[in-house]
Amino acid sequence: MAADTGRRNAARNDRAPRIVFRRRPVPRDVPAVRRLVAATGVFHAEEQAVAVELVKERLERGRRSGYQFVFAEAAGELVGYTAWGPIPLTRASYDLYWIAVAPTHQGSGVGRALLAETERDVARRGGGRLYIETSSRGAYDRTRRFYHSAGYDEVARLADFYAAGDDKVMYCKRIGAEQPRRRARAPLPAR
């Protein structure tokens, strides 16, 4: 029975469209991101608008916007994406602003692959740490488990940040070959 199930799953995977990653946003990403974040069912209308605005900003300003992306497509359709960028006034810290995967592809490894692609991009840019923030609402339980299983540690929790009973939960993962902080040396005594 298990062998039959394995063969059926393998056959299904052989027929599944291959996931292709790209970094450069294109105009069709604006409505595609709008549909994708709405389909997840967890983002408020205001949050959805911000997700779309980041794509528009990048299309208008290019790299000067500070926003970077990884898009995952299957058969030409957007099935997930990340938006990320450097944290101003830091040397090697980055924020993951968004990660979203179409409900039809959740649990298939697309999210994990998107996060790994993003981590590689951060490392190539000399990034040392990648920070993620999310909500403590029950709708985000699966998201928080995902971050933890991907090696992210909860580093802060700000009570009632978004609303009463809705904490901001922050995660962090060390990326690349970040150099440890140097300790300041005490001045030598005068002779």
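**Exercise 1. Tyr81 and its ring partner**

Task: Decide whether Tyr81 is buried or exposed in this predicted model, and find out how the rings of Phe69 and Tyr81 are arranged.

Solution:
- Start with Tyr81. Its relative accessible area is 0%, and buried means under 20%, so Tyr81 is buried.
- Next, look at how such pairs are treated. A pair of aromatic rings is described by the distance of the centres and the angle of the planes.
- For Phe69 and Tyr81 the ring centres are 6.4 Å apart and the planes stand at 25°, so the pair is stacked.
- Now place the two residues: Phe69 belongs to strand β2 and Tyr81 to strand β3, 12 residues apart, and the pair links distant parts of the chain.
- Finally, check Phe69 itself. With 1% relative accessibility, Phe69 counts as buried.

**Exercise 2. Another aromatic pair**

Task: Find how many aromatic pairs the model has, then classify the pair of Tyr67 and Tyr97.

Solution:
- The count comes to 11 aromatic pairs.
- In the pair of Tyr67 and Tyr97, the ring centres are 5.6 Å apart and the planes meet at 80°. Planes over 60 degrees apart count as edge-to-face, so this pair is edge-to-face.
- Tyr67 sits in the loop between α3 (45-61) and β2, while Tyr97 is in strand β4 (residues 93-101), so the contact ties together parts that are 30 residues apart in sequence.
- Tyr97 has a relative accessible area of 31% and is partly exposed.
- Elsewhere, Phe146, Tyr147, Tyr152 and Tyr171 make up one aromatic cluster.
- A ring can also have a charge over its face: Arg22 lies over Phe71, at 4.5 Å from the ring centre.

**Exercise 3. Checking helix α4**

Task: Compare the expected span of helix α4 with the distance between its end C-alpha atoms, and list residues of α4 that are buried.

Solution:
- Helix α4 (residues 110-124) has 15 residues, and at 1.5 Å a residue the expected span is 21 Å.
- The C-alpha atoms at its ends are 21 Å apart, which agrees with that span.
- Buried residues in α4 include Val110, Leu114, Leu115, Glu117 and Val122.
- Just after α4, Gly126 has a positive phi of about 85°.

**Exercise 4. Following Glu117 through its salt bridges**

Task: Work out which residues Glu117 pairs with and what network the salt bridges form.

Solution:
- Begin with the idea. Side chains of opposite charge can pair when their charged atoms come close.
- The structure holds 14 salt bridges.
- One of them joins the side chains of Glu117 and Arg23, at 2.6 Å from N to O. Glu117 is in helix α4 and Arg23 in the loop between β1 (19-22) and α2 (29-40), so the bridge ties together parts that are 94 residues apart in sequence.
- Glu117 also forms a salt bridge with Arg120, where the closest N and O atoms are 2.7 Å apart. These two residues both lie in helix α4, three residues apart, about one turn of the helix.
- Compare the surroundings: Glu117 counts as buried at 14% relative accessibility, whereas Arg23 is partly exposed at 29% and Arg120 is partly exposed at 42%.
- A separate example is the bridge between Glu133 and Lys168 (3.2 Å, N to O). Glu133 is in strand β5 (residues 129-135) and Lys168 in strand β7, so parts 35 residues apart in sequence are tied together.
- Of these two, Glu133 is partly exposed at 38% and Lys168 is buried at 10%.
- Back to the network: salt bridges that share partners join Arg23, Glu117, Arg120, Asp121 and Arg124.

**Exercise 5. Positive phi values**

Task: Locate Ala75 and Asp160, and state how accessible Ala75 and Asp160 are.

Solution:
- Ala75 has a phi near 55°, which is a positive value in a residue other than glycine. Ala75 is in the loop between β2 (68-74) and β3 (77-86), and at 70% relative accessibility it counts as exposed.
- Asp160 also has a phi near 55°. Asp160 is in strand β6 (residues 153-163) and counts as partly exposed at 45%.
- Strand β6 also holds Tyr162, which is partly exposed at 36%. Together, Leu158, Phe161 and Tyr162 make a nonpolar surface patch of about 270 Å².

Technical notes
Residues are numbered from 1 along each chain as its sequence is written. Side-chain values use heavy atoms; hydrogens and water are left out. Helices (H or I, at least four residues) and strands (E, at least two) are DSSP runs, numbered from the N terminus. Buried means under 20% relative accessible area, exposed over 50%, partly exposed in between (1.4 Å probe, protein chains only). The expected span of a helix is 1.5 Å times one less than its number of residues. Rings of Phe, Tyr and Trp (its six-membered ring) pair if their centres lie within 6.5 Å; planes under 30 degrees apart count as stacked, over 60 as edge-to-face and the rest as tilted. A charge sits over a ring if NZ of Lys or CZ of Arg is within 6 Å of the ring centre and within 35 degrees of the ring normal. Patches are made of residues with over 30% relative accessible area and no salt bridge: like charges are joined within 9 Å, nonpolar side chains (Val, Leu, Ile, Met, Phe, Trp, Tyr) within 5 Å. Accessible areas come from the Shrake-Rupley method with a 1.4 Å probe; for residues, only the protein chains shown count as cover. A salt bridge is a side-chain nitrogen of Lys or Arg within 4 Å of a carboxyl oxygen of Asp or Glu.
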